[in-house]
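Here are some exercises to work through with the structure open beside you. Try each task yourself before you read the solution.

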Amino acid sequence: MKHKLIFILFFTIIFTQDQSIDNISVAQRTDGSGIIDILYDLNDLTGIFPSFDISVKISYDDGATWSDISAERLEGDFGDVVPGLNKLITYE
């Protein structure tokens, strides 16, 4: 049976719409490692916020339910993240 995984990045926005996550791509590496790369840009056009709390959730049922991914299985730009381009999270 083939499973479809859906990833979503969450971050908190307070009082303004000038913050966004753009250029999101999620892809499994083709080297057989099973590692999934999550690439994104974290924007704060106002420069108001020094950082954002980034977390990753996963769904196995087309988004009907979501589960947290344990921090032990993630590496990279998650948790307290400063805005910028080319952020990377790897998921084992």
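**Exercise 1. List the elements of the protein in order from the N terminus.**

Step 1. From the N terminus on, the elements run β-β-β-β-β-β-β-β. Helices (H or I, at least four residues) and strands (E, at least two) are DSSP runs, numbered from the N terminus.

Step 2. Counting gives zero helices and eight strands.

Before going on, note that this is a predicted model, in which local features need pLDDT of at least 70 and side-chain atom pairs count only at pLDDT 80 or more, while totals for chains, interfaces and linings use all residues. Residues are numbered from 1 along each chain as its sequence is written, and side-chain values use heavy atoms, with hydrogens and water left out.

**Exercise 2. Work out the strand order of the open sheet of four strands.**

Step 1. Start with β2 (residues 19-28) and look for its link to β3 (residues 36-44). Eight bridges join β2 to β3, and the two run antiparallel. Two strands pair if DSSP finds at least two bridges between them. Within this pairing, Val 26 stands opposite Ile 38.

Step 2. Now move from β3 to β8 (residues 84-91): six bridges join them, again in an antiparallel arrangement. Here Leu 39 has Leu 88 as its bridge partner, and Ile 36 has Tyr 91.

Step 3. Put the pieces together: the order is β2-β3-β8-β6, with antiparallel pairing. The edges are β2 and β6 (74-76); each has a single partner strand, so one side of each is left without a neighbour in the sheet. From one strand to the next, the twist averages 20°.

**Exercise 3. Find out how many residues of strand β3 are buried.**

Step 1. Set the scale: buried means under 20% relative accessible area, exposed over 50%, and partly exposed in between (1.4 Å probe, protein chains only).

Step 2. Apply it to β3: eight of its nine residues are buried, so the strand is mostly covered. For the protein, buried residues make up 30% of the 92 residues.

Step 3. Look also at Gln 19 in β2, which is buried with a relative accessible area of 3%. Its side chain has a polar contact of 2.7 Å with that of Asp 44 and one of 3.2 Å with that of Thr 46. A polar contact is a pair of N or O atoms within 3.5 Å; within protein, one must be able to donate a hydrogen and the other to accept it, and residues adjacent in sequence count only if both atoms are side-chain atoms.

**Exercise 4. Find the salt bridges and say how covered each partner is.**

Step 1. Recall the idea: side chains of opposite charge can pair when their charged atoms come close. The rule asks for a side-chain nitrogen of Lys or Arg within 4 Å of a carboxyl oxygen of Asp or Glu. The count comes to two salt bridges.

Step 2. Take Asp 37 and Arg 29, whose closest N and O atoms are 3.0 Å apart. Asp 37 is buried at 17% relative accessible area, whereas Arg 29 is partly exposed at 32%.

Step 3. Take Lys 57 and Asp 68, with closest N and O atoms 2.4 Å apart. This pair links distant parts of the chain: Lys 57 is in strand β4 (residues 52-59) and Asp 68 in strand β5 (residues 67-68), eleven residues apart. Lys 57 is partly exposed at 21%, and Asp 68 is exposed at 59%.

Methods
Axes are lines fitted to C-alpha atoms, for helices over the stretch in contact, and angles run from 0 to 180 degrees between N-to-C directions.
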